[in-house]
Amino acid sequence: MRFFSRLYLALRPHARANSRTNSRTRVFVLSAAVLGVMALSGLLTVNLVIREDVTSLMPTRPPGLAEQFRILREAPFAQSLFIALGGGDPAGSAKKVAEALRGPDMPFVLSGMDSFSPSLLPKLCAALPGLMDAGDMAALPPLLTEKAVAEALDKNRTLLLSARGLALRDFLAMDPLGLCARKLRGFASTTGTPKPARGRMQSVDGRYAVLVAEPAASMTDTAAARKVMTMARDAVGRGAPDAETIIIGGHRHTEENADVIQEDLRRILPASVLLIVLAYLVFVRTWRGLSIVLLPTASLLLASAFTGLVFDGISGIVIGFGSVILGITADYAIHVYFAMNGAESPEQSLERVSTPVLFGALTTLAAFAAFFSSSIPCIVQMTCFSIFGIVAALFLALVVLPQYLCSARTASAPPPFAEKWSAPEEATRLRPRTAVLTLLWAVLAAGLGGLLHSAPIDGDIRSLSYQSEAMEEDEARMRAIWGEQREQALFAVEETSRQAALEKNDRLWERFVTLSADNGYDLSSLTSLARFLPARSTQTARHAEWKAFWEERGPRTVAALRDLAPKAGFSVEAFAPFALWLSGEPPLVDAEVLTTLGLEFPLLLLRATPDGTHFVYGVAHEGRMPESFRDAIRDEGGHYVSGETFRAAMDEATRADMLRFGGLSLLAVLGTSVWLLRSLPRLALMLLPVSLGLFGVLAVYRLMGMSLNIFHAIALPLVMTLSVDYGIFMLAFLEGRLRRESVKGVLLSGLTTLSGFGALLLARHPALFSLGLTVSIGLSAALLAALVLMPRLVRPAHGPPLTPRVREAGHV
């Protein structure tokens with residue numbers, strides 16, 4: 001391309017006696033400018049805010065998936081720490097650890113009550129009217145018959161004669177018919193797997209006490225997550241140093257992912273640089289060739305700096321992608337270096353090589369631009385990062401690098417191979433072996449179609465984040481204690497105020513009650529806050545219903561108690577507190593009342609976001625909620641999320657991203673290729689590495705039984721766009737437009753790119769590893785196709801053989 005050769009001449013000093021001095025001055029000025037920009041970029045890079053939480057991997061589209069993730073993110077226990085303490089005295093350990101944890105940074109710590117006083121039971125009964133739903137009220141009349149009253153009094157007498165009787169005397173006087181006790185039993189069946197023991201939440205076998213702590217800091221903040229985990233470990237160390245401890249939660253996930261990404265970065269980037277240096281030592285070994293190492297490093301710093309200016313924080317996975325940028329951007333320096341490493345004039349060499357370099361860069365940029373259609377923040381950041389790096393490398397390779405190479409060249413003799421390969425052969429019109437090429441494309445097209453159609457998709461969000469074996473073991477042990485939370489589904493309603501959200505939740509529960517009467521569904525499999533904390537308006541209406549009920553039946557019931565009490569061994573006035581309860585004004589139940597009564601656990605179903613949105617959650621066993629219940633949730637404007645529905649939505653989004661990214665990248669590659677070549681046979685030949693690269697990846701994954709996740713949706717288009725560069729340069733060489741040394745450039749550029757992606761194989765983070773594995777397999781197949789297969793599928797229509805090796809092999 002003449003533009004770059006003319007720019008080169010414009011920047012080069014005119015031939016004069018002191019041209020060498022001017023050349024050195026020019027190089028010095030360029031060096032100072034480049035070093036200054038690199039220093040500034042390095043300063044900006046050091047101050048980058050790196051985030052390692054999984055939220056950057058979650059798509060914001062389609063709306064259904066984004067909505068499910070929003071509900072899961074605000075769900076109960078999503079921000080909680082679960083601490084299980086074992087040993088000789090788990091309840092005592094739980095009390096000490098809870099005391100050590102409580103503070104401004106850990107405002108909510110649920111471990112149970114130090115002791116449950118029977119005096120709290122009358123307070124709970126006083127609040128009962130507001131908790132009595134339609135089903136509870138319908139169950140009252142059978143309890144008020146003379147026979148039922150007599151049976152209740154006999155049970156009370158037996159209970160009073162037991163060891164617990166004295167403590168329960170006041171409670172039984174207020175609740176002789178067991179109305180409150182009946183409701184308490186319903187509460188106990190819905191509060192979760194850990195059961196109260198000595199006032200603490202303990203496992204069924206009593207070996208572990210369980211604490212639930214809700215930190216003030218979000219688990220998505222890496223620094224805050226580290227601080228939270230340090231606080232939790234310190235609290236356990238102070239309160240129960242000898243106890244067997246299990247700590248799990250989102251903050252631990254964030255901490256472990258942050259640690260593993262940082263460890264990966266410390267391995268990946270040096271390994272990538274080392275591999276590039278090794279390739280330089282094997283293939284180049286000249287001072288001029290140091291540009292192959294220095295130019296990618298400069299491009300990486302520039303890309304990091306500009307990306308940091310665009311985004312407030314960058315995912316650590318994006319920084320890990322820096323090794324890939326090192327490998328990709330080294331290609332441009334390699335091709336320019338080998339093109340200008342001969343006896344041909346620098347401007348002529350630059351004019352010849354700039355077209356395929358620019359074309360390859362444009363196809364890569366166009367393919368990366370397709371990733372802007374992604375709704376995943378990490379992928380958008382990675383796209384900006386890559387585009388900045390490629391543009392910087394392209395500028396340095398075609399504008400700055402030729403000035404350095406020319407300056408070094410004037411002071412030294414041409415290399416030994418310059419005389420033999422001083423200039424390319426005359427351009428030759430190729431005649432591909434059409435029959436073989438057609439057959440090969442037919443086989444590849446059928447194979448790719450079948451592999452893509454049947455490729456299994458992995459939509460599990462856990463496969464995108466790192467999880468150590470220790471954490472997996474701890475989560476398995478916690479599930480044995482706490483119960484299998486992943487087998488449960490969530491339903492939620494939201495409003496702009498707490499009371500409005502509670503009212504909507506009450507309406508939803510009323511529909512559940514009606515539906516359960518129709519289909520016999522057991523409501524005990526659902527946990528709803530409507531049972532524990534109805535809205536004020538709901539409680540007020542229930543109070544009115546309670547009063548109306550007892551205005552009619554209260555006098556008869558009190559009279560029956562007075563008549564039957566002596567027969568059961570009680571005094572006539574023994575149940576006067578019951579009569580006072582019925583005639584009194586019931587109090588409203590609120591969060592403070594529940595806390596006083598030791599019922600803090602249900603309050604975890606209440607959530608509020610900083611933007612003023614209030615959520616009320618419920619829990620249902622996955623797969624056990626009838627479709628009519630799910631319809632009711634949707635009718636009330638609520639949300640239903642389960643592991644099954646979320647994975648299905650992720651599967652659909654992943655497949656859609658693969659089709660969208662792949663389709664847009666394919667259009668970019670085909671569009672630019674057709675525009676440049678304008679020949680179907682040449683196009684089929686040039687794109688052969690692309691198809692073989694994709695086929696190699698999918699075939700290997702099928703043989704290994706591996707599924708494709710969202711990062712494979714990125715990797716496959718990358719294989720496509722990077723492979724096309726090999727086809728471009730090999731086609732230019734086969735047509736005699738580039739010197740034979742360009743083949744060495746293709747090999748070296750392939751190896752440097754593979755070094756970038758291959759370094760990702762050292763990563764422990766699944767996202768980085770899967771990206772590195774996929775592209776490494778694809779590029780290896782594509783490189784072999786370009787260097788081995790392409791020369792055997794063409795022959796010139798006229799003129800001399802393309803290369804001495806082709807002549808000797810008898811391919812003409």
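## Report on a predicted protein model

The protein has 30 helices and 15 strands. Helices (H or I, at least four residues) and strands (E, at least two) are DSSP runs, numbered from the N terminus. This is a predicted model: local features need pLDDT of at least 70, side-chain atom pairs count only at pLDDT 80 or more, and totals for chains, interfaces and linings use all residues. Residues are numbered from 1 along each chain as its sequence is written, and side-chain values use heavy atoms, with hydrogens and water left out.

**Overall picture**

Of the 812 residues, 54% count as buried. Buried means under 20% relative accessible area, exposed over 50%, and partly exposed in between (1.4 Å probe, protein chains only). A contact means heavy atoms within 4.5 Å. Among contacts between residues at least 6 apart in sequence, 83% join residues at least 24 apart.

**Confidence**

pLDDT is the predictor's confidence in each residue, from 0 to 100. The protein has a mean of 78, and 84% of its residues reach 70 or more. Over residues 189–199 the pLDDT is below 50, and this stretch has 28 contacts in the model beyond near neighbours in sequence. Residues 410–427 also stay under 50, with 28 contacts beyond four places in sequence. Where pLDDT is low, the predicted coordinates should not be read in detail. Among the elements, helix α30 (residues 804–809) has the lowest mean pLDDT, 37, and α20 the highest, 91.

**Strand β6 and its partners**

Strand β6 covers residues 208–214, and 7 of its 7 residues are buried, so the strand is largely enclosed by the rest of the structure. In a regular strand the side chains alternate between the two faces of the sheet. In β6 both faces are covered: Tyr208, Val210, Val212 and Glu214 lie on one side, Ala209, Leu211 and Ala213 on the other.

Two strands pair if DSSP finds at least two bridges between them. β6 pairs with β2 and with β3. Another strand, β10 (residues 488–495), has 6 of its 8 residues buried, so β10 is largely enclosed by the rest of the structure. Its partner is β14. The table sets out these pairings.

| Pair | Bridges and sense | Residues that stand opposite |
|---|---|---|
| β2 (residues 81–86) and β6 | 6 bridges, antiparallel | Phe82 and Val212 |
| β3 (residues 108–110) and β6 | 3 bridges, antiparallel | Phe108 and Glu214 |
| β10 and β14 (residues 639–641) | 3 bridges, antiparallel | Ala492 and His639 |

**Helices**

The expected span of a helix is 1.5 Å times one less than its number of residues. Helix α4 (residues 90–101) has 12 residues and should span 16 Å; its end C-alpha atoms are 16 Å apart, which agrees. Its buried residues include Pro90, Val97 and Leu101.

Helix α19 (residues 498–519) has 22 residues. It reaches 31 Å from its first C-alpha to its last, close to the 32 Å expected. Among its buried residues are Leu502, Asn505, Trp509 and Phe512. An α-helix has 3.6 residues a turn, so residues three or four places apart point the same way. Gly520 follows α19, with a positive phi near 75°.

Helix α20 (residues 536–564) bends by about 55° at Arg553, and a proline, Pro555, follows within four residues. The bend at a residue is the angle between axes fitted to the seven residues ending there and the seven starting there. Buried residues of α20 include His543, Trp546, Phe549 and Trp550.

**Three residues in detail**

Leu529 is found in the loop between β11 (526–528) and α20. Leu529 is buried, with a relative accessible area of 0%. Not counting residues up to four places away in sequence, it touches several residues, including Leu502, Asn505, Pro602 and Tyr617. The C-alpha atoms of Leu529 and Tyr617 are separated by 7.3 Å, though the two residues are 88 apart along the chain.

Asp264 sits in helix α11 (residues 250–283). Asp264 is also buried, at 0% relative accessible area. Leaving aside neighbours within four places in sequence, Asp264 is in contact with Leu762, Ala763, Arg764, His765 and Leu768. A polar atom of the Asp264 side chain lies 2.9 Å from the backbone nitrogen of Arg764.

Gly671 belongs to helix α24 (residues 643–677). At 37% relative accessibility, Gly671 counts as partly exposed. The C-alpha atoms of Gly671 and Thr363 are separated by 8.9 Å, with their positions 308 residues apart along the chain.

Technical notes
Polar contact = N/O pair within 3.5 Å; in protein donor to acceptor, adjacent residues only side chain to side chain.
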